[in-house]
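Got the viewer open? Let's walk through this one chain by chain, with something to select at each stop.

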Amino acid sequence: MDVIWLIPILPGIGAAVNGLLGIRFFSKAQSAAVACGSMGLAAALSIYAFVQLLGSESRVHDVVVATWIPAIALETVDGIGAFAVDWAFRLDPLSGMMILVVSGIGLLIHIYSTSYMHGESDAGYARFFCYLNLFCFFMLTLVLGANLLVMFVGWEGVGLCSYLLIGFWYQKQSASDAGKKAFLVNRIGDWGFVLGIFLIFFTFGTLDFREVAAGAAAMPIETAEFGVISLICLFLFVGATGKSAQIPLYVWLPDAMEGPTPVSALIHAATMVTAGVYMVCRNAVLFTHAPMVMTIVAVIGGVTALMAASIGLTQTDIKRVLAYSTVSQLGYMFLATGVGAFAAGAFHLMTHAFFKALLFLGSGSVIHAMNDEQDMRHMGGLKTFMPVTFVTMLVGTLAIAGIPPLAGFFSKDEILFQTFLHNRVLWILAVATAGMTAFYMFRLMAMTFYGEYRGPAWEHGEGHDAGEDHSDHDGHGAWHGPHESPTAMTGPLMALAVGAIVAGFVGIPAALGGGNAIEHFLEPSFTVEATEEAGPVAEAAGEAEEVHEVSHAAELGLMALSILVALGGIALAHRLYIRRPELAEAWRARWAGAHRLLLNKYYVDELYQSTVVRGTMSGGRGLWRFDGRVVDGAVNGTGWLTLASSWCSQLFDRYVVDGAVNLVGWSASESSFSLRRIQTGLIQNYALVMLLGVFVFVSIYLLVR
Amino acid sequence: MSNVADFPLLSLILFTPLAGAVLLLFVNRQSEDAIRWIANVVAGIGFLVSLPLWFWFEPQGAQWQFVERLEWIPSIGAEYSLGVDGFSALLVLLTTMMGSIAILSSWTAITERVKEYYIFLLVLQTGMIGAFVSLDFLLFFLFWEVMLVPMYFLIGIWGSDRRLYSAIKFFLYTLVGSVVMLLGILAIYFEHHAMTGIYSFDVTRFHELTLPVGLQWWVFLAFFLGFAVKVPMFPFHTWLPDAHTDAPTAGSVILAAVLLKMGTYGFIRFSLPILPEATIEFVPMVIWLSIIGVIYGALVALAQRDWKRLVAYSSVSHMAMVMLGMFSLNPVGIMGSIVQQINHGISTGALFLIVGIVYERRHTREISEYGGLSKIMPVYAVVFLIMTMSSIGLPTLNGFIGEILILQGVFVVNKMWAAVAASGIVLGAAYMLWLYQRTMFGNVDNPKNESLPDLNIRELATFVPLIVLAVWIGLYPSPFLRRLDSSVMHVVSRVNAAYAPLNADGGADASAPVDGSLAGGQ
Amino acid sequence: MAEAFVFYGLAALILGFAVLVISTRNTVHSVLYLVVNFLLVAMLYVMLGAEFLAAIQVLVYAGGIVVLYLFVVMLVNLKRPPETHQDPRRQTRLGLALAGAVLAELVAIIVYSSTGESVPAAAPAEAGMVEGNVEQIGMLLYTNYLIPFEVASVLLLVAMIGAIVLAKREL
Amino acid sequence: MLEITTTHYLVLSAALFMIGVIGVMVRRNIIIIFMSIELMLNAVNVNLVAFSQQWQHVVGQVFAVFVIAVAAAEAAVGLGIILAFYRNKETVNIDEMNVMRW
């Protein structure tokens, strides 16, 4: 288990090999082998580490690889401390679960990509796998990091990879725009995150998660006042909203769909976007000490869930629907953490990773089959063309809609139940969201797989009219109509479908006779050491346990309700998009205003564009003018003044100073002009003067003596 | 080591470039390739002889190492005294390295007056090294002024467009600053004589002096003007974009990588330890100017259409960050400040090289002239990407270490300062990424760009050491930080009483908690 | 008595020939008068007990320098009278008057400053003093005044070279 | 008056010197002027020897020897100059030697 640091390093090596050699020298098969091989090793190692963790007594294993920042004295609240950071990795239940998810799903998506990206050139192919491996490196670093700064390395690194992968087709303006947007919005979140890190060090004198947790556990819960822990948590949550696409920083995620679909599946559904949730769970002890921030988290999560789901109702781009769905599901997770159900949040994180990755890969398969068509209005009836994709996607859809016994049901229900216990208003939001989720997902299924085929016609051996601008990365040349994807793509789909079915079984709640194994497994990660029995978290957990006991009946009732809501959504979608499509048109016409509002995503992008972006840009331009006119103007003005004064002094110089000088010269020349008459050139006259001198001196001698 | 101590290593490092310049004087100006070879070899040797500063320097040893002392002008007590601590040793290494890179980078870029060009570069090199290794204030001032002249000619002769305007602006700005600084030096000199009866310019003596506060105040202002112009800090920065834009590539690289460090070096070596009380008084002013500089530089960079000018403004922003860390007056902040100086030298130097490469091929710096270069010059794009990331402080690269230390250092002093300054990193990412997008991404719209050659071996060779360093500092900065320990602690112990008795119980002088609830474990 | 007689006679002759030197029109005559003048002065030296100097005076002045003058006078072939042209600005009369005035003054000074104490001129030879007038001068010249003596010799050498350079038509 | 004292020699010397001066002042033939200078040098020598006699010390005579040496040098160079001048201007009239002015 001491080799857990190898888990991130392996994909890193893969990235380095592909980056330094692959782009120039490797064939597609070689770069794919390097990438998948390194990921496979990492996944194997993850499983090995996880098994070891299960088998060991201790639930926490630390590995310090090296000193990163050696100790430097710095004052903290408690006096002078030492700012020191190690390259330290930690395997505990939470990170154990995460490395399984990341390396497992990562491996599947690598395999999927070998086929999906086949249309790229050799160099582009290697580049893609280099980025993808690099992403896994950073993501695993993020997950395994034992202190905030190592986590931040991963945090920023995945942002970089996200930037690179969204902008993978950099020749497309929209793609590079989207990449930039993602990075910048994330940076805004990082602003909060780093401030949180600073405040944590200032308060606790360390950045190690467990030491921070221990320090926080010793402090009182800030129920009444907005104290320092609340501030820390608020800062951290700002970071989380950026990374996990919550209000107000969610706008980058839908745009991120410009990237290749496997990227969307891996980064923007399964792993990276959940980093925010993971981070909040990591700092669970801190958050439990800041109930006010918890409320904020829950409210933001709930509202985001609802809002994103409502936008998802009207979108027609298949990947955008899934993107808003992701935002919505992430909202769910934050809702869970916000109400203190960290385990439920983490559980949903895991199940969501499975079914959302599945859905994305499925949509990728569809897009692939449709020759890069993403608009669902041009699909339909694909069920017959691609049965494997259809079946697996259906599994995913049922899972996300919360139909038992699929994975989504257990995790989502856990969240709903915990929310219900905590706050009824938020619960109503969540239930509404659940209904909408079922509706838009089945709308997606209906528009894609049911009904008649509405796409472009195709002929054998001939091209077609759609998607020409992407034909350079379409490996098939001429398009022969929708078709099932190759095994390299359907294989991962099936594997993920299995995951989406069974992943929930680790968390069957007590009300259904299960042990909620995952919650107990994860518990050590959310609390400080069990020795501190007086810790408030333990108490809270105990209370929760009690509540569990007393409300089995209520829980069952809530479950039934949520299933009903989900079925209602499904039924509505079935009615509107399969049985009576014209009704959908009518509804759209009736609520045209609302429809436009949703279609345009509440105009949030436009709002940001006109305020933040334009404000910054015009500020920049204004300051530039200021720089040129005022600051530089002052300098040039000084220069001009100097010149002017030098001109004045030049005049003074010429007429007064020079005048005086010339006067001396003039008088000298004038007087010499007259005096030079004495200079006769006659030697005897000079001798006469000498004689005169002698005469005078002798006379003086005579007179004075 | 004992025999090493007697070896005049610093003089050797100092005069190697000058010797090369003298050697070049005797080379026929027509044989340009020979001149280039000689200059490159001399610069390479200059770097090699400076390497012992890394290997022989003892992080735990005396504060001043490799000290040399000779009489210079005994009548006024000026000495030829050289010596380095960790800080200046790193800067000397940076100088010799960037110097050789700059010289290597101008192989094909300079075709006129080749001989003079390399002579000026080498003389400049000696001037810069001299300023970093001088322990005598007058000697420092001498080298400080020596640097000015070659730079003036480099900009004025081999520059572009408005080179004369820029060169004169650069010269006047710095000259005004340094004249005022000289007054400050003399004030200390005479005050030192009045207090001790010894005429001396010895910096180490000055470091132990406690000047009257009133005098400190004025001298600080004088030094501030001299150094702030060089840094450059916010209201004194306007020479920088012009000078950078119009300088030849190597000139920009040297300017960004080393010359700007003169200002910050001056602050850490002179202002802070000699004038501690005044420094503390001026902290808010300097900090706010720095914060303005961070955001202002970034915003103005965002509006630029000229590639090189954009990088120049980013320089303003980064150097303001350096000042910010320095005036937090605690070990982490100052350490970060120093590391960030080195980082800035690496990443901004590289960015100027990057601009220079396309400028040499296309002779334009307009960003709109470019686009889609990723496709045509993939290696170039990768190098640019790495340096962009280094510049915006991506973890695992060097910029991050500097920024995180600086901001952490400032944060413990004042949270508001850190919060405002940290927003600079958002803007920093904005202008760099936008630049990257506009130049590297998209389609190749401009037909002139279609056949640009990618980096050749020589050009790649100028980047490799920078990339290696960027990754090294990012992943394992300990060797650098350990070397800086003693210099940082020396400075801090002068300006911040809280850190003076570090070996004693640290809790004695803890700052007061922000509010009652923060008093952790109690 | 005889001494006084000789002195006055010599003085009159010296002054008379000196006046002739400066007043004769013919340059050759002037040179000849000068020779006579120098010989008379040599006699005065003998009177004053400076026999060596007298010898030098005869040998160097009368025998050497004056011959030089004669050569020059002969070389300068005076086709036209040398003093035909006269510059109107020359102040001959003023010069004469001044010279006379200075002479008067000098005589006045000398006469009035003489204490009347009669240091016997041409005192009888004291023991050890007169015996070797030449010897004494030699002793002084080669001991105390060695360096001025050598310098004088160098001066003469330089003068010789200079004269050659100046007088030669083409070098 | 019949006793010949140093004063007598001095008066003689002064008179001789003044005759030389008058010669320099009034004559225009440069050779005569040079000879007048020789007269003046002689007057000086008379003075020196007279004092030598008065103080009963030969140093005065030594000085006179030097004066004679200098006179010889002067005569040689001066006459050389006269010759050179004569070759150029065909004259020895000092009134025609007036180029040494502004």
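What radius of gyration does chain B have, and how does that compare with a compact globule of 522 residues? Keep in mind as we go that this is a predicted model, scoring ipTM 0.65 and pTM 0.75.

**Stop 1: chain B.** Select chain B and hide the rest. Its radius of gyration is 22 Å, which agrees with the value near 24 Å that a compact globule with 522 residues would have. Turn it along its principal axes and the C-alpha atoms fill a box of roughly 70 × 65 × 45 Å. Switch to cartoon and you have 21 helices and 2 strands to look at. Buried residues make up 60% of the chain. If you draw the contacts in chain B between residues at least 6 apart in sequence, 79% of them join residues at least 24 apart.

**Stop 2: one helix in chain A.** Now select residues 517-526 of chain A, which is helix H20. Show side chains and pick out the buried ones: A:Ile518, A:Glu519, A:Phe521, A:Leu522, A:Ser525 and A:Phe526. Look down the helix axis: these buried residues of H20(A) fall within an arc of 160°, so they line one face. An α-helix has 3.6 residues a turn, so residues three or four places apart point the same way. What does the buried side of H20(A) pack against? Bring up helices H3 (93-116), H11 (275-282), H12 (284-288) and H15 (342-369) of chain A to see its partners. Then flip to the face turned away from the buried side, where A:Ala517 and A:His520 are exposed.

**Stop 3: chain C on its own.** Colour domain 1 (1-77) and domain 2 (117-171) of chain C separately. Where they touch, domain 1 puts in 7 residues and domain 2 puts in 5. The domain 1 side of that contact splits into 4 nonpolar, 1 polar and 2 charged residues.

**Stop 4: chain C against chain D.** Add chain D. Here 73 residues of chain C are in contact with 64 residues of chain D. Six helices of chain C, H1 to H6, each supply at least two residues to the side touching chain D, and H3(C) gives the most, with 12. Colour that side of chain C by residue type and you get 56 nonpolar, 13 polar and 4 charged.

**Last stop: confidence in chain D.** Colour chain D by pLDDT. The mean is 87, and 95% of the residues reach 70 or more. Select helix H1 (6-26) of chain D for the highest confidence, at 91, then helix H3 (59-89) of chain D for the lowest, at a mean of 89.

Methods
Residues are numbered from 1 along each chain as its sequence is written. Chains are lettered from A and ligands numbered from 1 in the order in which they are written. This is a predicted model: local features need pLDDT of at least 70, side-chain atom pairs count only at pLDDT 80 or more; totals for chains, interfaces and linings use all residues. pLDDT is the predictor's confidence in each residue, from 0 to 100. Helices (H or I, at least four residues) and strands (E, at least two) are DSSP runs, numbered from the N terminus. Two residues are in contact if their C-beta atoms, placed from the backbone, lie within 7 Å. Ala, Val, Leu, Ile, Met, Phe, Trp, Tyr, Cys and Pro count as nonpolar, Asp, Glu, Lys and Arg as charged, and the others, Gly among them, as polar. A residue is buried if 20 or more other C-beta atoms lie within 10 Å of its own, exposed if 12 or fewer, and partly exposed in between; C-beta atoms are placed from the backbone. The arc is that of the directions from the helix axis to the C-beta atoms. Domain bounds come from an automatic or database domain assignment. The radius of gyration is taken over C-alpha atoms; the globule rule is 2.2 Å times the number of residues to the power 0.38.
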